[in-house]
Structure formats: C-alpha cells, structure tokens
Amino acid sequence: MFPPSLWTNLLLIGAAALLGYATVRDLHGLMIAAALLMAVLTAGRRGGVRWVPLGAYAMAFVASLLLPGPTAGLPDLGAALLALLSLGLLTVREQANARELTWQRNTVAALRAGSERLADARDADAIIRAGIGILDKLQVAPNLAFVAYRKGTPHILAATGAFEAFLERPIHPSDNDSRSVQADHWVAEEVLALLDKTQRRVFHVAPVYGRASNHLGVVILARPVPVLFDEDEKGVVGAFSRLLGAQLGQWQAIRDLRDANDLTLRSLGAALERRDDDTGGHTMRVVSMSVRLARRLGWDEDQVKALRWGAYLHDLGKLAIPDGVLHKRGPLSPDERRVIQTHTVIGYDMLQDLHFLPAETLDLVRYHHERWDGTGYPSGLRGQNIPDTARLFTLIDVFDALTNARPYKPAWTRERALNEIRAQAGRQFDPQYVDAFLRMMAEHDDAHLVM
C-alpha cells in the first residue's frame, strides 16, 4: 500500500498522460501498462479513486476504437477484456484488503485503549463502560447497549449512539407478561424496539457470561444501514463479550472475597468486645463514627476500608491480657498498666499472617494509643509520625470510652466529653482531626434538632 504523497500524485498524473498518449497512438500494450501503473498508485486510497484506473482504461480503449487508425483485431479486443477483468479483480481485492486492514487497526486500537480502561476499572459500572468503549472503538455499529440485571429487572447500563437516550432505563415486557429474563429473547426485542426503525435496520445480540456460565446480560448492536454483520465481526464481538464477562466475574469474585473478609473481621471484633466491654456496642460505634469522619476528611475508599478493618481489630491483643487486669474495677498499678499496654504490640503480632490486611490496618492496631505530644505508647511517636488511621481512630476511641460506662468509671455526658476532646487538641490528638470531628458532631446535633 502506498500512502498519498506528492510523488505518487505526480506519478499518477504521468501515468494518466501516458495512457492518453497510448490511446492517441493506438498502442494497446502501453495502454494496459499505464492502467496497471495507475492501479498500483491508487492502491490503499479511500473512496472512488480506486476505480479510476479501471474507468480510465475502459474510456481509453473505447476512444482508441473511435479514433482514426488501424482497426482493432480480436487479439486486441481479447487483451482489452482481459485487462479490464484484471483491473476489476485487483480493485475488488484491494478494497477487501483495505477493509481488513482497517478492521485490524480498529481491533488493535480498541484492545489497547480498552485494556487500559479495564485495568483501571474499580467497579462493575466502570468495567461495563470500558467494555462498551472497546466495542465503540471497533466501529462495528454506531448504536450499542449493554443490558444487565438489577434485582431481576434488566436495565440499560451503558450505551452509545441512539441507545444513550435510554441509559439506566428498566426494561419490561410490553405485554406485561411475566417471563424469564435469562431464558427468552424478549429483552433484546424490547431494547431494540426503543429505537426508530431507521436506527436498527440490522442488529446483533451477544450474551455476556461470568463465572460458571452465570448469565450477566447482553450486548446489543444496531446499524442504521442494511449491511449484515459478517462472521469476523460477530467473532470479535463475541470475544469482547467474553472478555467483559470474565472481568465482571473476576470483580464479583473479588467483591465476594472482600465482603467475606469484612464480615469475618466484624464478627471477630464483636467477639472481642464480649470480653472487654460489658455494655456492648463499642466496636460498631467506633467503626461507624471513624468511617464518617474519614469520609468527611476526603479519604479514599481503600483508606476507609483499612480504617474500618483496624477498628474491628484494634483490641485484638487484649485476648492475651489476664482477666484480673482487664476487668479490674479500681485503678491499675504501674505493673498492671504496663501489662495492659502490651495489647497493642500483641495484637499487631497476631495479625502478621493475615496478608490481605493493608499496612494502614496494622498501623492502627499497633499505634492507636500514641499521643500527638509523643507521650503515648508503645513507641512514643509524635505528631505527623503517627500513622493517619491510628491518629484518627484514637480520637474516636477515646470519645466512645468517655461517653460510655466502663468498669472503672461512669459514662460522661456528651458535652463534657466534647469539651475534653477540644482541650486535648495538640496534646493527645491531631488538632485538624479534632476540628473536623467537632464540626461533624455539631452538624449531627443540628440535624437532630431539626428532626
């Protein structure tokens, strides 16, 4: 394939001039050679220019017959017909090759762009949008829709072209009949019926399956032109649908595992609470309040998850503290205080084999009794050297301990506890976190007053 350039254009003009000269001089062999040169020079170009050599040769041959001169014999006529046939076949084959090359380029471009988007996708919606983006890059059809199921009802979750007007739209049978969503073809029929007939002259439907042949939805492609989808297009669309299903299945597996981890850690936190908190509810209170404050501070979901898991596990090390120390109702002796202070390091050590736990979770378990002024334990960390999760959680943990009864103290009032938190800003707690916490609590109080 020769790209258009100044030199090829000049050669094309020269070949056309040579064809004209051969026509005037009735040189049939030179006419064929000039036409073939023109065919080579127009190879790879778009539009009707590819048919110029064939048309030019046909016109030149007819002109040679009409011009004064020797009468063309049967060999000349045969050669002309053979040349026309050869030029026609070359042009048709070249067009097919050009379409194939364009298809391959689109496929590679779609794979490159789509793989990056799929790798960056963090949830099912992002994966679906990336999948539809891949198909859109292929340019197989201007109207695309991905239909998936939410609580048993199909919805259009991603779309391009004319389907975009129906994003997030639930799909119901037009006859209000109750039918199996995953067994019948009515979903595709109802989705296609949303478009004007001129936008769906030709369509193709590709199912999407996840793990263990779990039916996740369908990809629907519609064309406004009456050009059928060929086998290559159907094959590539099917391959991308399988890729989309695999990504969605993998995401579902990861989400199930994450949910299982979260449930396990929450259950463990509740079990630990039974040993240390007679009143109950401490773990879920500090988890809920910590997550609220973290989101208020703009933490991303990975940080919030690490904080939540650390809050579940923060007192794990107390399993190793003797009951006589843990449940003592009076003041602790210096030796007893040193014993109970070991729970942070013990809990940290106990979690080392849980490799799915992020470092921020382990930091919270180990350092949630450090103080902003450096007088905390176990390492005497100061200020910003205290990990974020531990720095935030210690504030919540202390507030909950103050406002709820413990074996060694009665519950404080909410106002008294907030005043203590305010007084400890810059001493026990990060001043910025204290400000954010106090604003959060004030807004919470205002909301309750409105209610």
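Here are some notes on this predicted model, going from the overall make-up to the sheet, the helices and the ring contacts.

1. **Overall make-up.** The protein has 16 helices and 4 strands. Of its 451 residues, 42% count as buried. If you take the contacts with a separation of 6 or more, residues 24 or more positions apart account for 59% of them.

2. **The sheet.** The strands form an open sheet of 4, in the order S2-S1-S4-S3, with antiparallel pairing. Strand S2 (153–160) and strand S3 (202–209) are at the edges with a single partner strand each, so one side of each has no neighbour in the sheet. On average, and ignoring direction, neighbouring strands are turned by 20° against each other.

3. **The S1–S2 hairpin.** S1 and S2 run antiparallel and are joined by 7 bridges. One of the bridges to look at pairs Tyr-149 with Pro-154 in S2. The two strands make a hairpin with 2 residues between them, and Lys-151 in that turn has a positive phi of about 55°. S2 may be an edge strand, but it is mostly covered: 7 of its 8 residues are buried.

4. **The S3–S4 pair.** At the other edge, S3 and strand S4 (residues 215–223) pair in the antiparallel sense over 8 bridges. For checking the register, Val-202 has Arg-223 as its bridge partner in S4, and Val-208 has Gly-217.

5. **The two faces of S3.** Side chains alternate along S3. Val-202, His-204, Ala-206 and Val-208 point to one face and are buried, whereas Phe-203, Val-205, Pro-207 and Tyr-209 point to the other and are not.

6. **The S3–S4 loop.** Ser-213 is found in the loop between S3 and S4. Its relative accessibility is 61%, so Ser-213 counts as exposed. The C-alpha atoms of Ser-213 and Gly-249 are separated by 9.7 Å, with the two residues 36 residues apart along the chain.

7. **A helix across the sheet.** Helix H6 (residues 186–193) lies across strand S1 (143–150), S2, S3 and S4. Against S4, H6 runs at about 40°.

8. **Helix H12.** Three residues of H12 (residues 343–350) are worth picking out: His-343, Thr-344 and Gly-347 are buried. Why are they on the same side of H12? Because they cover an arc of only 100° around the axis. What covers the buried residues of H12 includes helix H11 (334–341) and helix H13 (359–367).

9. **Helix H13.** Here the buried residues are Thr-361, Leu-362, Leu-364, Val-365, Arg-366 and Tyr-367. They pack against H9, H12 and H14. Arg-366 also takes part in a charge-over-ring contact: its charged end sits over the ring of Tyr-348, 4.8 Å from the ring centre.

10. **Aromatic pairs.** The structure holds 2 aromatic pairs. In Trp-309 and Phe-356, the ring centres are 5.6 Å apart and the planes stand at 85°, so this pair is edge-to-face. The pair links distant parts of the chain, with Trp-309 in helix H9 (residues 301–313) and Phe-356 in the loop between H12 and H13, 47 residues apart. Trp-309 is buried, with a relative accessible area of 2%, while Phe-356 is partly exposed, at 37%.

11. **The Phe–Phe pair.** Phe-399 and Phe-437 are also an edge-to-face aromatic pair, at 5.3 Å centre to centre and with 70° between the planes. This pair too links distant parts of the chain: Phe-399 is in helix H14 (residues 388–403) and Phe-437 in helix H16 (residues 431–450), 38 residues apart. Which of the two, Phe-399 or Phe-437, is buried? Both Phe-399 and Phe-437 are.

12. **One more arginine.** Arg-416 lies over the face of Trp-412, at 3.6 Å from the ring centre. It can be looked at alongside Arg-366, whose charged end sits over the ring of Tyr-348.

Technical notes: Residues numbered from 1 in each chain as written. Predicted model: local features only at pLDDT ≥ 70, side-chain atom pairs only at ≥ 80, totals over all residues. Heavy atoms only, no water. Buried < 20%, exposed > 50% of the residue type's maximum accessible area, 1.4 Å probe, protein only. Arc of directions from axis to C-beta. Contact = heavy atoms within 4.5 Å. Pairing = 2+ DSSP bridges. Axes fitted to C-alpha atoms, helices over the stretch in contact; angles between N-to-C directions. Phe/Tyr/Trp six-rings, centres within 6.5 Å; stacked < 30°, edge-to-face > 60°. Lys NZ or Arg CZ within 6 Å of the ring centre and 35° of its normal.
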